[in-house]
Each structure stands twice: as structure tokens, then as C-alpha cells.
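This report describes the fold, the ligand surroundings and selected residues of one protein model. The sequence and coordinates are shown first.

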Amino acid sequence: MECRVGCGACCIALSISSPIPGMPHGKAVGVRCVQLTPDNRCRLYGRPERPVVCVRLRPSEEMCGQTADEALAWLFELERITHPTATPPDPSPGEQNPEWLAI
Ligand code: SF4
Ligand code: SF4
């Protein structure tokens with residue numbers, strides 16, 4: 001499948017340990033990437049500065065679901081399973097908090 005334009009779920013939910021331009025230490029779970037535009041597009045798309053992890057992450061029906069909320073829920077669960085000490089933001093992804101999802 002193709003990445004859903006304007007979704008941005010993986011650019012918010014996932015932790016990224018490698019540097020991102022503007023975020024030299026990467027980002028934590030639930031932190032909005034500084035390179036994500038207000039309409040949830042990557043400012044670095046197609047540019048060499050885009051982190052390798054972002055280039056390699058491929059959309060899939062399982063991960064991306066039908067909506068950004070479904071993707072956020074799946075991705076937070078993935079982070080919870082793989083990084084048990086990480087604490088996703090509250091409230092749940094379906095109740096989007098503008099502090100971390102400033103669309
Ligand atoms: S969760 Fe899937 S559809 Fe949404 S931005 Fe990431 S890759 Fe694209
Ligand atoms: S660099 Fe682009 S693709 Fe990677 S997390 Fe940030 S906005 Fe998303």
C-alpha cells in the first residue's frame with residue numbers, strides 16, 4: 001500500500017533514536033517530529049537529510065489501518081510491547097490531544 005497522505009501517525013507515535021534535523025537526539029514515543037508539517041507531511045520527503053529509519057519504514061495495512069487513529073493505536077501498542085518502559089501520552093489516540101497532535 002501507499003502511505004496515506006496527511007496521516008503522520010508514525011511520525012508521532014514511534015520513538016526514533018537516530019538524529020533528525022532539528023531533533024539531534026531523535027524523538028520519544030508520542031512526540032511530534034519537528035519535520036512534520038501542520039497538515040502531516042514530511043518536510044524532508046525525498047531529501048537526503050531524511051533519516052534512514054524513515055526511508056526504510058514501509059506502510060502496511062496492518063500498521064497503517066484505515067485511519068490515522070487506527071495507525072496511532074497500533075503503533076503505540078507496538079511501542080508498548082517493544083519498549084515496556086515507554087509511556088505513550090494520555091489520552092488515547094482516539095482522543096487526540098492538541099499538545100502532541102497539533103493538526
Ligand atoms: S502510519 Fe502508515 S499511512 Fe500513516 S504516515 Fe505512517 S506509513 Fe503513512
Ligand atoms: S523526518 Fe519525516 S518521515 Fe521521519 S519522523 Fe519526521 S516527519 Fe516523519
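Which helices are included in what covers the buried residues of H4? The covering elements include H1 and helix H3 (61-64). The model in which this is seen is a predicted one.

**Overall fold and confidence**

The protein contains 4 helices and 0 strands, and along the sequence these follow the pattern α-α-α-α. Of its 103 residues, 24% count as buried. Among contacts with a separation of 6 or more, 54% are made by residues 24 or more positions apart.

The mean pLDDT of the protein is 86, with 81% of the residues reaching 70 or more. Over residues 91-103, however, the pLDDT is below 50, and this stretch has 18 contacts in the model beyond near neighbours in sequence. Where pLDDT is low, the predicted coordinates should not be read in detail.

**Helix H4**

Helix H4 covers residues 68-82. At 1.5 Å a residue, its 15 residues should span 21 Å, and the end C-alpha atoms are indeed 21 Å apart, so the two values agree. The buried residues in H4 are Ala68, Ala71, Leu72, Leu75 and Phe76. They lie on the same side of H4, because the arc they cover around the axis is only 130 degrees. In general, an α-helix has 3.6 residues a turn, so residues three or four places apart point the same way.

Glu77 also belongs to H4. This residue counts as partly exposed because it has 13 C-beta neighbours inside 10 Å, a number below the 20 required for a buried residue and above the 12 allowed for an exposed one.

**Ligand surroundings**

Ligand 1 is surrounded by Cys3, Arg4, Cys7, Gly8, Ala9, Cys10, Pro59, Met63, Cys64 and Ala71. This shell divides into 8 nonpolar, 1 polar and 1 charged residue. One of its members, Ala71, is also among the buried residues of H4.

Around ligand 2 lie Cys11, Ile20, Cys33, Gln35, Leu36, Cys42, Leu44, Arg50, Pro51 and Cys54. Here the division is likewise into 8 nonpolar, 1 polar and 1 charged.

**The loop between H1 and H2**

Helix H1 (10-13) and helix H2 (52-56) are joined by a loop that holds Asn40; Asp39 and Gly26 lie in this loop as well. Asp39 counts as exposed because it has 9 C-beta neighbours inside 10 Å. Asn40 is partly exposed, since its C-beta neighbours inside 10 Å number 19. The phi of Asn40 is near 60 degrees, a positive value in a residue other than glycine. Most residues other than glycine have a negative phi.

Gly26 is partly exposed, as 16 other C-beta atoms lie within 10 Å. Leaving aside neighbours within four places in sequence, Gly26 is in contact with Ile16, Ser17, Ser18, Pro19 and Ile20. Of these, Ile20 is one of the residues around ligand 2.

**C-alpha separations**

The table lists three residue pairs with their separations along the chain and in space.

| Residue pair | Separation along the chain | C-alpha distance |
|---|---|---|
| Glu77 and Ala13 | 64 residues | 9.6 Å |
| Asp39 and Cys7 | 32 residues | 8.4 Å |
| Gly26 and Ser15 | 11 residues | 7.5 Å |

Cys7, paired here with Asp39, also belongs to the residues surrounding ligand 1.

Technical notes: Residues are numbered from 1 along each chain as its sequence is written. Chains are lettered from A and ligands numbered from 1 in the order in which they are written. This is a predicted model: local features need pLDDT of at least 70, side-chain atom pairs count only at pLDDT 80 or more; totals for chains, interfaces and linings use all residues. Helices (H or I, at least four residues) and strands (E, at least two) are DSSP runs, numbered from the N terminus. A residue is near a molecule or strand if its C-beta atom, placed from the backbone, lies within 6 Å of it. Ala, Val, Leu, Ile, Met, Phe, Trp, Tyr, Cys and Pro count as nonpolar, Asp, Glu, Lys and Arg as charged, and the others, Gly among them, as polar. Two residues are in contact if their C-beta atoms, placed from the backbone, lie within 7 Å. pLDDT is the predictor's confidence in each residue, from 0 to 100. The expected span of a helix is 1.5 Å times one less than its number of residues. The arc is that of the directions from the helix axis to the C-beta atoms.
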